[in-house]
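Let's take a walk through a structure together, one piece at a time. Keep the picture open while you read.

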Amino acid sequence: MTDHAAASPPGTLAAAWLVARKDLAIEFRTRTAFLSALVFALLGVTIFYFAWDATAVAAADLAPGVLWVIFTFAGLLGLQRSFGSELADRAVDGLLGAPIAREAIYLGKALANLVFVAGILAVTIPAVVLFYNLPLGAGIGALAGIAALAAVGLVAVGTLFSAMAVNTRMAELLLPMLSLPFFVPVVMAAAQSSARLMAGRPVAEAWPWLRILVAFDIVFVTACTLAFPFTLDE
Amino acid sequence: MTSGQPSVSPPIPSQRDPLLWVALLGIAAVYVRALAFTPIEARQGAAQKIMYIHATSAFIALYVAFVLMAIASALYLWLKDEKLDRVAESSAEVGLCFTTVVLATGPIWGKTIWGAWWTWDARLTATLFLWFIIVAYLLLRGAVEERGRRARYSAVLGILASFLVPFIHLSVYLFRTLHPMPILLKPSAPSLPNEMLVTFLFSFAAFTLLFLALLRTRYRMATLRDWVADREQERA
């Protein structure tokens with residue numbers, strides 16, 4: 001990081017990477033948010049199992065819904081922290097004062113959140129496969145792809161709303177209220193496409209849903225990057 | 001506004017809006033015509049009469065109020081004119097009323113015609129989430145103190161929401177086509193007999209007038225509120 005201090009300001013992507021590294025370094029040293037979100041996700045997976053009658057509904061039919069609902073709520077825990085951590089001692093002023101593009105702050109924050117969410121998924125998906133006894137062989141690669149696409153969409157919207165919600169009077173409540181309607185197409189597409197894969201159906205059957213995921217990602221990554229500067233105080 | 005001498009009288013005279021009374025009279029007239037002077041539909045019976053309030057409210061909520069909110073939001077971010085923010089705010093709030101009417105009258109109609117209060121049809125789901133988003137929009141406005149920030153935040157949400165609704169519609173549509181359900185399709189609107197069409201158009205005009213009147217009343221309220229806030233700030 002020191003080589004940038006004296007030299008000319010970094011480009012947008014380089015700056016975004018610096019912001020992401022800063023957030024990840026904080027998270028790695030404290031680990032509180034990640035571990036809480038992870039334990040929350042695992043608890044959710046087990047609780048959901050007992051919310052249904054396991055003799056009436058096959059575990060494989062439950063698993064996709066459980067996975068994506070839990071993932072959404074665990075992701076919200078991480079997103080809350082994204083800009084919440086900038087509140088203490090007005091740390092956000094340091095970011096705003098830095099000679100970097102506003103978009104770089106958004107992209108960096110989103111990247112750090114993506115790593116956070118991917119870390120949760122990396123544990124939650126195997127946990128669901130394990131606890132729900134899913135026969136997942138070749139589909140695991142495709143499932144990882146779906147997870148990646150879903151995570152991008154979720155993080156793109158969630159990061160923007162986190163920046164807004166943190167400056168309001170009821171941040172903890174407002175973030176889910178703003179974000180969840182936007183997660184509907186993501187959760188629906190992710191759950192529908194992974195349900196087909198978990199049932200051993202060919203990838204082609206999940207294709208229409210994957211297209212929605214990709215379109216959502218493109219539209220909202222672009223829109224949120226462009227909209228983000230408006231959420232910052234001049 | 002702050003030209004040294006604080007202005008004493010509010011920017012708008014506080015009086016009843018005649019347009020509102022005209023609109024309410026129009027609505028009353030529509031009811032009389034719909035109930036007493038329009039024939040009862042053969043297949044659906046009296047339940048069909050709910051169309052005159054349901055379909056018109058739906059059109060205004062989705063295609064007028066929501067679109068106006070999104071456009072005013074986008075224009076606000078561009079021009080930074082407070083009036084546009086007030087238009088977006090008023091449009092959202094009045095739109096919420098119309099969307100609530102749609103969601104309240106829909107199940108009543110649906111139960112008698114489809115035999116179910118609710119189905120996860122693309123249009124129903126999109127309307128429901130539109131309602132959620134407008135509620136979130138208004139809650140967001142209520143949770144931000146500073147006026148400029150409130151306007152920017154809600155404008156961002158207003159624009160993003162206009163991108164979201166097509167996605168919800170599309171995904172629910174896909175959801176439905178892959179899982180066909182028995183009684184789901186709305187009766188494909190046969191061309192209305194003349195008497196019904198006239199009532200429908202009449203209802204449409206009355207509801208549009210009501211929307212405009214409510215929008216103007218709500219907009220004036222927002223202007224007054226901001227004016228009061230300005231005066232308080234001047235005194236402080």
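## Chain B and its long-range contacts

Take the contacts in chain B that join residues at least 6 apart in sequence: 80% of them link residues at least 24 apart. Keep in mind that we're looking at a predicted model here. Chain B has 6 helices and 0 strands, so its pattern from the N terminus on reads α-α-α-α-α-α. Of the 236 residues in chain B, 33% are buried.

For a residue on the outside, look at B:Glu146, which sits in the loop between H4 and H5 of chain B. Is B:Glu146 buried or exposed? B:Glu146 has 11 other C-beta atoms within 10 Å, and 12 or fewer counts as exposed, so exposed is the answer. You can also try finding B:Leu215: from B:Glu146 you go 69 residues along the sequence, and the C-alpha to C-alpha distance is 23 Å.

## Where chain B touches chain A

Now bring in the other chain. On the chain B side, 24 residues are in contact with 25 residues of chain A. Which helices of chain B each supply at least two residues of that side? They are helix H4 (122-143) and helix H5 (147-178). H5(B) gives the largest share, with 15 residues.

What kinds of residues are these? Sorted by class, the side of chain B that touches chain A has 21 nonpolar, 1 polar and 2 charged residues.

## Helix H7 and its partners in chain A

Switch to chain A and find helix H7 (residues 139-165) and helix H9 (residues 207-227). Their axes are 9 Å apart, and the two helices pack at an angle of about 25°. That angle makes H7(A) roughly parallel to H9(A), and H7(A) passes H9(A) in a left-handed crossing. On the H7(A) side the contact includes A:Ile146, A:Leu149, A:Ala150 and A:Gly153, while among the residues it meets in H9(A) are A:Leu210, A:Leu213, A:Asp217 and A:Phe220. The residues in this contact of H7(A) with H9(A) split into 15 nonpolar, 1 polar and 1 charged.

H7(A) has another partner, helix H8 (residues 171-198) of chain A. Here the axes come within 9 Å and cross at roughly 170°, so H7(A) and H8(A) are roughly antiparallel. The crossing of this pair is right-handed. How many charged residues does the contact of H7(A) with H8(A) have? There are no charged residues, alongside 18 nonpolar and 7 polar.

## Another pair: H4 and H6 of chain A

Next, pick out helix H4 (residues 59-84) and helix H6 (residues 102-131) of chain A, whose axes come within 10 Å and cross at roughly 150°. H4(A) and H6(A) are therefore roughly antiparallel to each other, since an angle over 145 degrees counts that way. H4(A) passes H6(A) in a right-handed crossing.

Among the H4(A) residues in the contact are A:Ala63, A:Val66, A:Phe71 and A:Ser82, and from H6(A) you'll find A:Lys109, A:Asn113, A:Phe116 and A:Val128, among others. By class, the contact of H4(A) with H6(A) comes to 13 nonpolar, 5 polar and 1 charged.

## The nonpolar core

Finally, let's head inside. The largest nonpolar core has 128 residues. Which residues have the most contacts inside it? They are A:Ala150, A:Val186, A:Ala190, A:Leu213, B:Ala65 and B:Phe211. The largest share of this core, 16 residues, comes from H7(A).

Zoom in on A:Leu213, which lies in helix H9 of chain A. A:Leu213 is buried, because there are 25 other C-beta atoms within 10 Å, and 20 or more is enough to count as buried. If you skip its neighbours within four places in sequence, A:Leu213 is in contact with A:Leu149, A:Ala150, A:Gly153, A:Val186, A:Ala189 and A:Ala190. With those neighbours left out in the same manner, A:Ala150 is in contact with A:Val186, A:Ala190 and A:Leu213. One more to spot: A:Pro185 is 28 residues from A:Leu213 in sequence, yet their C-alpha atoms are 7.8 Å apart in space.

Methods. Residues numbered from 1 in each chain as written. Chains lettered and ligands numbered in written order. Predicted model: local features only at pLDDT ≥ 70, side-chain atom pairs only at ≥ 80, totals over all residues. Axes fitted to C-alpha atoms, helices over the stretch in contact; angles between N-to-C directions. Helix = DSSP H or I, 4+ residues; strand = E, 2+ residues; numbered from the N terminus. Parallel < 35°, antiparallel > 145°, perpendicular 65-115°, else oblique. Left-handed = near helix turned anticlockwise from the far one by under 90°. Contact = placed C-beta atoms within 7 Å. Nonpolar A, V, L, I, M, F, W, Y, C, P; charged D, E, K, R; others polar. Core = buried A, V, L, I, M, F, W, Y, C linked by C-beta atoms within 7 Å.
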